[in-house]
Amino acid sequence: MSVEEAKMDNNLIRAYLFNDVVQLGFGVADLRTKKKWLNLFLASLREFWGISEHQVGPQVKDGVITGRIDNSHCNLWLSFQLRENGYLHVEFGHLDGKVLLHHSDPDYFVPSLDSILDKTQRNAAIGESSADDIKAVLDTCIFHPREHLHLVEPSVDHHARIGSGISNPLLYLFHLRYQLCPVPQIRAAERGRLSNLFRSAIENNVPIGDCDLMSTPVVI
Amino acid sequence: MKRNRFGINLDEGIPLESYEDYEILFVDCFREAAAKLRLWFEQEDAPPVLVGGQIGSGKSTLIAKAIGECNSPPDVTLHFDRESTNLDIGDFLAITLAGLIDMAIRTNADLSHLSLPQELGQEESADWRGLLEGLRPKVFNMQSFSRRTHLRKNIAENRDYFAQAIVEMGKQIERSLGRSLVVFASGIDKFSTKEASSLAVNDIVALLSTFKTLFEVNAVHLFSKPGSSFHVLNRIFVPTAEEGAILEILSKRMGIYAKGLEKQLADIAGCSGGNPRQALRLLSHFVSAGKNKDRSGTEKLAFAIRETRSDFFSYAAKPSAELMKLVKGTGKIGSALFSLPGDRETAGTALYGNWIFLQQSLGGDGWRAIPNPLVGAFFEHAFTPEDPEMQILRRFSETHDVSPSGLGLSRIDEKTGKVKTSDQLLWEYLFSGVELPIHCNLTEVLDVLGAALLSRERADRAIIAFKDKGIIDAARSYLFAKANTFEYQRLAHIVVKGGVGQEPLAEIDEFLSGATDIYSMEFEGEWYAQQLDALDKRRDTFIAKQILWWISLDDLKSYLPHWTQLRQLFEVFVLEDELLGSISAVDLEADLAFFSDLVEAVESSEGNLVSNLRKVLRYLHHVGRGGEDGQ
């Protein structure tokens, strides 16, 4: 068998990377950890977006976590509900009222890479992956989701791509942090920061800490 | 203060300080004044000079920038607005003496012919460091405070002797340096020419005029009458800024979010009258108003005008309507009016309190002046078409929104039964906050305080007035809980008593010398005028801190007229007894449910939040408002 034939298929490598990004970055399971994650997530938005106000803190009732994400400077008001079973409801509001509802319903099937992929091959796949592979995976998860919507509002940058095929609720919320950030320099720096962060986490196969994930990149 | 490089940077218009401040936010508004200032620093034998402007004009920022860029920064900086407690000559001389002793020690000046340390109670005549510690203690406690008070009293009783000693010491330092001693007398601007302390200020200015001294003064000091020590000095006037420069300041403050707000920012610049701090306060309230998505653009601007006017002018000493009409009608004012005995024409009041803005000298006695756009129309019975506020709001409402109605006022005129015009509605809305601070329920207070209290990176200050003392413990707990929603902040609270036999400024000094994140103080007792005036002068002591003052509304009404300077730094809220209506037990329980199991340590943001929320919940249950729906 030649060296060429032994190389793992690039799509398969990226599938392993994709699975790692979701599991190591957003694989939060229990309610307490989710609450902590969401609290930090909302707190991070003020600095990341460069706005003057903190977000209203999340609340929980009957196992449903609710929260609001406001950026009045872009005339955008979002509210979300995250149920115990992972059901995510997000309302995008604009000056004139609700403009978009996003639902992610776990009662409906989506292929789970985690259960399909052969775990014994993970390390080999990661070993063969390149920086471009990480970039491609982060693009589709966060920076440029393959399926996406544009909010057709003058106050929202057209570069904001709201992913419509993201089934992990925390990943979905996290990608909004990037997509709704109007500062090009922060967006560019965030791409570099997350590439390094995820590369390191994947190479060491360790989950990413909430604080690391929610940091704001330093712009030189 | 940590700045956001690309986004929004709001504060009350405090002077820029750090390299980052200047890099991100500075706008060169006063080129002529800056050039004169640079020249003054460069000339070794330059005579003393007054650098004067109105409150919030940007003089501190201008001076700080000139000092940062010059080759010969001041040898001695005296902060007359940070240490005074009695506002008498003893304070002023002691502050000066401490500054010069410090410099003499640093330059090894020969002070052997002076024996001030021994004369002021040190064991050895050469113990200058001991004397300096007594005059300017590094550690603040009752003992050091008593020692300082004793020294200042002693100095006041022998004022002529110590004044002469200061001159001697300065000359000795100059010999040691081989050049002129450069002194920066900061904070003279906080002392109005009408107060009792003006005599002491006059004496200290005369004394420091022996040296190359830069005096930071208010515009009123530039118009002092012959015989005053200010009168003979050279002066550099910091005028109002051009509207374009104000617009640039506002745009920089909004960062990336300025895009799309050009018209609104232009309107705010128009309302600023060319005063940078007023522009920034308007912007801050405008942004805050935007959190309520139901507010139209017009409402946001009207809200900003109303709130800013309330912050700066509620209960303030007013100039006469005749004077304001004169300024409005002629667009100028004669400088002789500013120094009339007893301020007969109330021009000094108008100038010191920013009721009018001076724009530039017209030569001779005349100055181009305008009424402050926030208050000019207050002296009319109704808006006239040419009133800048009316023009701005009408233009704003025409271009941005449907109409200026919907401002939360009754649209039916009770007398005539007719629907009010837009102008009537606007007029009512704008003036609803002139005589009283804005009344807010707790939610609104929280909204405005949010950006400040919820972040350690900000340093803002608020006065919360209350009618019902019974609710403030719960209100305070709620605010403190919210302050800890995202990050752990240490909170300290004391009751400060004013009145006869009390030393409230000493208590405040001691409290502020402790390490905490939010300093909360409740004012009690019958503070008398001198204590209130002294506190007003200490404005800049509070700049770098997050401070909450709790004062009963009745007391606040009598305090505010004394606080021309302080009100520039504090926002004032009246906490109505709406606590029960604005916080529901259900919401509190949802907050508690969210945070309770996140508590890992008592001294953590979650621990503090939960502890305070429980206090509020107990209060709501105690007063019987903790029902199913919290109503």
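# A tour of a predicted two-chain model

Begin in chain B by selecting strand β6 (residues 332–334) and strand β8 of chain B, which run antiparallel and are joined by 3 bridges. The model you are looking at is a predicted one, and everything on this tour should be read with that in mind. To see where the two strands meet, pick B:G334, whose bridge partner in β8(B) is B:G366.

Keep β8(B) selected and add strand β7 (residues 356–361) of chain B, which pairs with β8(B) in the antiparallel sense over 5 bridges. One pair to click on here is B:Q360 with its bridge partner in β8(B), B:R368. β7(B) and β8(B) form a hairpin with 4 residues between them, and in the turn B:G363 has a positive phi of about 90 degrees.

Now show the side chains of β8(B), which covers residues 366–371. Which residues of this strand point to the face where the side chains are buried? They are B:W367, B:A369 and B:P371, while B:G366, B:R368 and B:I370 point to the other face and are not buried.

Next, move along chain B to strand β11 (residues 491–498) and strand β12 (residues 518–525), which pair in the parallel sense over 8 bridges. Selecting B:L491 leads you across to B:I518, its bridge partner in β12(B). If you then add helix α20 (residues 504–513) of chain B, you have a right-handed β-α-β unit made of β11(B), α20(B) and β12(B).

From β12(B) you can step on to strand β13 (residues 546–552) of chain B, for these two strands pair in the parallel sense over 5 bridges. B:I518 serves again as a landmark here, since its bridge partner in β13(B) is B:Q546. With helix α21 (residues 529–537) of chain B displayed as well, β12(B), α21(B) and β13(B) make a right-handed β-α-β unit.

Zoom out now to take in chain B as a whole, whose secondary structure comes to 25 helices and 14 strands. Of its 631 residues, 51% count as buried. Among the contacts in chain B with a separation of 6 or more, 76% are accounted for by residues 24 or more positions apart.

To look inside, select B:L250, B:I268 and B:A465, which have the most contacts within the largest nonpolar core, a set of 214 residues. Helix α4 (residues 89–106) of chain B gives the most to this core, with 11 residues. In soluble globular proteins, nonpolar side chains tend to be buried together.

Turn next to chain A and select helix α2 (residues 10–26), where a short check of length is possible: at 1.5 Å a residue, its 17 residues should span 24 Å, and because its end C-alpha atoms are 23 Å apart, the two values agree. Several residues of α2(A) are buried, including A:I13, A:Y16, A:L17 and A:F26. The buried residues of this helix pack against other helices of chain A, among them α6 (131–143), α7 (169–179) and α8 (184–204).

Finish where the chains touch, at a contact that takes 26 residues from chain B and 27 residues from chain A. On the side of chain B that touches chain A, the elements giving two or more residues are α18 (442–453) and α24 (585–595) of chain B. Which of them gives the most to this side? It is α24(B), with 4 residues. By kind, the residues on this side of chain B divide into 13 nonpolar, 8 polar and 5 charged.

Technical notes: Residues numbered from 1 in each chain as written. Chains lettered and ligands numbered in written order. Predicted model: local features only at pLDDT ≥ 70, side-chain atom pairs only at ≥ 80, totals over all residues. Contact = placed C-beta atoms within 7 Å. Nonpolar A, V, L, I, M, F, W, Y, C, P; charged D, E, K, R; others polar. Pairing = 2+ DSSP bridges. Right-handed = clockwise from strand over helix to strand, strands pointing away. Expected span 1.5 Å × (residues − 1). Buried ≥ 20, exposed ≤ 12 C-beta atoms within 10 Å, placed from the backbone. Core = buried A, V, L, I, M, F, W, Y, C linked by C-beta atoms within 7 Å.
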